[in-house]
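Q: I've got this model open and want a close look at one spot before I do anything else with it. Could you start there and then work outwards?

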Amino acid sequence: MQWRFNGSYATLKVGDSTLSKVPVVIQPGQAVGTIGLAFGYGKSAGLKDEMKVGVNAYTLYNNFNSNQSVSITKEEGEHEFACVQLQKTLMGRGDIIKETTLEIFNTKDAEVWNPVPMVSLDHQETPATEVDLWDSFDRSVGHHFNLSIDLNACTGCGACVIACHAENNVPVVGKSEVRRSRDMHWLRIDRYYSHEETFSGDVEMKEGLSGLGLGNYVFGDGEGNGSVSGLARLENPADNPQVAFQPVMCQHCNHAPCETVCPVAATSHSKEGQNHMAYNRCVGTRYCANNCPYKVRRFNWFLYNKNSEFDYHMNDDLGRMVINPDVNVRSRGVMEKCSMCIQKTQATKLQAKREGRLVKDGEFQTACSAACSSGAMVFGDVNDKESQVAKLAEDQRMYHLLEHIGTKPNVFYHVKVRNDK
């Protein structure tokens, strides 16, 4: 039996119980001869039609014991999944997720496992962090917010995504819209699998680690004739892969490409490091989304609030009771994105002002940092040199996403260190 693509249907039989039309998702690393099956909610009463998805696996669980045989057979048809994880490997783009081994981390300088990207300036190789085409301004006065994300600690649980949705009134657009690449998540978790490719012929790997893409991959025939034939091989994850998760939201760039192209100044930069959105100014040109290298901006194609075509929580009075009154509900035709929970930072400052004191380290929080149970996300004022986020910003493992393009983000990551012994 061959499962050639995601979306195949299967029938599972456990003892006398049968579960039909189970959609199949093929995952690298799944042990041969095993399957994983999510229970689901196990009920349909009280749910809106749009929420009645999947199959109820409790019918198998209630009649299961370890002595029963389990069989799986393939059915005709194809299930249409809605998935935003269209990438599997990094394809050699090593400045997105940086990783190293514990041995290299302990024995080599940071220039080896966390190199600073270099660019050409006046025909000289120069660190990208030293090249600046923008007017400078003093960021040391007042608060300046940064968000640290430790790739070592992130487990990809998704709690930050759910917290962001609830805190910021992010609409649920439904499966059909997600399949059109119209997802509205302000925060996504990119997932990458490692590959185990044997490099030969037209593919050469130099000065890096295989797997998630620390290496620099050079394609060609050795005589200057480039080739992309090797790219297809890099797309295939390993049978027993390593996995990396990377939360990605608006990077709140100090040199934000989105701000320079907005014709109505709907997106602007604050002195506290947050990239703002004035929704009532936005006319929906989507220039900002086109100019964003991180692809974290979302466009409201429709009115998702009080609209029966999107019959989710925002379409009735009971559902709208969960909407956060501190955050407005966006309408059709405007862009939206991570606000770094400005409503929470403002509330923290006002509370400290009422109590006649300074804000303490750890009081500033975003929805994602507050929900992160592993401590992978740390938010705070980088101008407070005693704060945890300021110390993390000086760590040798710190790097910025796509640092070579010079956007100078206020979100930074920490190199993933693997113990391969």
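Where is the place of threonine 348?

A: Happy to, with one caveat up front: this is a predicted model. Threonine 348 sits in helix H10, which covers residues 342-354. Is it buried or exposed? With a relative accessible area of 14%, threonine 348 falls under the 20% cut-off, so it counts as buried. Its side chain has a polar partner: one of its polar atoms lies 2.8 Å from the backbone oxygen of lysine 344. If you set aside neighbours within four places in sequence, threonine 348 is in contact with Val359, Glu363 and Phe364.

Now for the wider setting. The protein has 421 residues, and 42% of them count as buried. You'll find 12 helices and 19 strands in it. Among contacts with a separation of 6 or more, 69% are between residues 24 or more positions apart.

Alanine 266 is another buried spot to click on. It lies in the loop between helix H7 (257-261) and strand E12 (267-269). Its relative accessibility is 3%, and that is why it counts as buried. Not counting residues up to four places away in sequence, alanine 266 touches His276, Met277, Ala278, Arg281 and Cys282. Take arginine 281 from that list: it is 15 residues from alanine 266 in sequence, while the two C-alpha atoms are 5.1 Å apart.

Next, the nonpolar core. In soluble globular proteins, nonpolar side chains tend to be buried together. The largest core here holds 57 residues, and the members touching the most others are Leu147, Leu187, Met249, Met377 and Tyr413. Elements giving two or more residues to this core include helix H3 (110-113), helix H4 (159-167) and helix H8 (287-291), along with strands E7 (145-150), E16 (377-381) and E18 (411-414).

Those last three strands also turn up in an open sheet of 4 strands, ordered E16-E7-E18-E17 with mixed pairing. Its edges are E16 and strand E17 (398-399), each of which pairs on one side only. E16 is nevertheless mostly covered, with 5 of its 5 residues buried. E7 and E16 run antiparallel and are joined by 5 bridges. On the other edge, E17 pairs with E18 over 2 bridges, again in the antiparallel sense, and methionine 398 has histidine 414 in E18 as its bridge partner.

Leucine 147 ties the sheet and the core together nicely. Its bridge partner in E16 is phenylalanine 379, and it is one of the core residues that touch the most other members. Beyond four places in sequence, leucine 147 is in contact with Met249, Cys368, Ser369, Met377, Val378, Phe379, Asn410, Val411 and Phe412.

Two names from that contact list come back when you look for empty space. A search of the whole structure finds 5 cavities of 30 Å³ or more, and the largest has a volume of about 130 Å³. It is lined by 16 residues, with Met249, Cys338, Met340, Thr366 and Cys368 closest to its centre. Met249 and Cys368 are the two that are also in contact with leucine 147.

Conventions
Residues numbered from 1 in each chain as written. Predicted model: local features only at pLDDT ≥ 70, side-chain atom pairs only at ≥ 80, totals over all residues. Heavy atoms only, no water. Core = buried A, V, L, I, M, F, W, Y, C linked by side-chain atoms within 4.5 Å. Buried < 20%, exposed > 50% of the residue type's maximum accessible area, 1.4 Å probe, protein only. Contact = heavy atoms within 4.5 Å. Polar contact = N/O pair within 3.5 Å; in protein donor to acceptor, adjacent residues only side chain to side chain. Pairing = 2+ DSSP bridges. 1 Å grid on protein atoms, 1.4 Å probe; cavity = no way out; pocket = protein on both sides within 12 Å on 5 of 7 lines; lining within 4 Å. Points joined across faces, edges and corners; volume = space filled by probe spheres on them.
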